[in-house]
Amino acid sequence: MNTIELKLLRNAEYLQYVKDFSGIIALNNPETLQIDAKLSAFNARIAELETLYKKALANDKTQELLLLDERRDNAINGINYFALSQSYHYDNEKR
């Protein structure tokens with residue numbers, strides 16, 4: 001923990017780090033440490049950060065891009081398998 005520079009972490013990395021940190025604290029009995037109120041406030045901030053980050057990831061074009069990616073992959077696979085099928089042709093000239 002001492003070697004991590006928090007300011008160098010990207011959004012997703014920072015969010016994962018604080019969630020892991022919160023999980024470690026939760027495993028070590030926060031009531032006994034008398035930090036349960038602070039931990040719940042910290043978890044509320046983490047949840048707020050998570051919702052803000054997930055909004056930034058949402059994009060209207062995502063579904064369209066996924067469909068275009070699938071179409072491209074299918075086209076490349078079709079060309080590849082067509083060429084492969086020609087290598088099994090019975091006619092030597094076409095093979």
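## Exercises on a four-helix chain

Q34 is found in the loop that runs between helix 2 and helix 3, where helices (H or I, at least four residues) and strands (E, at least two) are DSSP runs numbered from the N terminus. The model is predicted, and for that reason local features need pLDDT of at least 70 and side-chain atom pairs count only at pLDDT 80 or more, while totals for chains, interfaces and linings use all residues. Residues are numbered from 1 along each chain as its sequence is written, and side-chain values use heavy atoms, with hydrogens and water left out.

**Exercise 1.** State how many helices and strands the protein chain has, and in which order its elements run.

*Solution.* Begin with the count, which is four helices and zero strands. Then read the elements of the protein chain from the N terminus on, and the order is α-α-α-α.

**Exercise 2.** Set the radius of gyration of the protein chain beside the value for a compact globule of 95 residues, and then describe the box that the C-alpha atoms fill.

*Solution.* The radius of gyration is taken over C-alpha atoms, and the globule rule is 2.2 Å times the number of residues to the power 0.38. For a compact globule of 95 residues the value would be near 12 Å, but the protein chain has 26 Å. As a next step, take the principal axes, along which the C-alpha atoms fill a box of roughly 80 × 30 × 25 Å.

**Exercise 3.** Find what percentage of the 95 residues counts as buried, how much area the protein chain exposes, and how far apart the mean positions of its charges are.

*Solution.* A residue is buried under 20% relative accessible area, exposed over 50%, and partly exposed in between (1.4 Å probe, protein chains only). Of the 95 residues, 9% count as buried. The exposed area of the protein chain is about 8500 Å², of which carbon and sulfur atoms supply 56%; such areas come from the Shrake-Rupley method with a 1.4 Å probe, and for residues only the protein chains shown count as cover. For the charges, Lys and Arg count as positive and Asp and Glu as negative, while His and the chain ends are not counted, and the place of a charge is NZ of Lys, CZ of Arg, CG of Asp or CD of Glu. The mean positions of the 12 positive and 14 negative charges are 3 Å apart.

**Exercise 4.** Decide whether S22 is buried or exposed, and list its partners.

*Solution.* S22 is found in helix 1, and because its relative accessible area is 6%, S22 is buried. Leaving out residues up to four places away in sequence, S22 touches L39, F42, N43 and I46, where contact means heavy atoms within 4.5 Å. The side chains of S22 and N43 are also joined by a polar contact of 2.4 Å, that is, a pair of N or O atoms within 3.5 Å; within protein, one must be able to donate a hydrogen and the other to accept it, and residues adjacent in sequence count only if both atoms are side-chain atoms.

**Exercise 5.** Work out the surroundings of N29 and P30, and give the value of phi for N29.

*Solution.* N29 lies in the loop between helix 1 (11–27) and helix 2 (30–33), and its phi is near 55°, a positive value in a residue other than glycine. N29 counts as partly exposed because its relative accessibility is 38%, and its side chain makes a polar contact of 2.7 Å with the side chain of T32. P30, placed in helix 2, is buried because its relative accessible area is 7%. Not counting residues up to four places away in sequence, P30 touches I25, I35, D36 and L39.

**Exercise 6.** Decide whether Q34 and K55 are buried or exposed.

*Solution.* Q34 is exposed because its relative accessible area is 69%, and its phi is positive, about 60°, although Q34 is not a glycine. K55 has its place in helix 3 (residues 36–57), and K55 counts as exposed because its relative accessibility is 65%.
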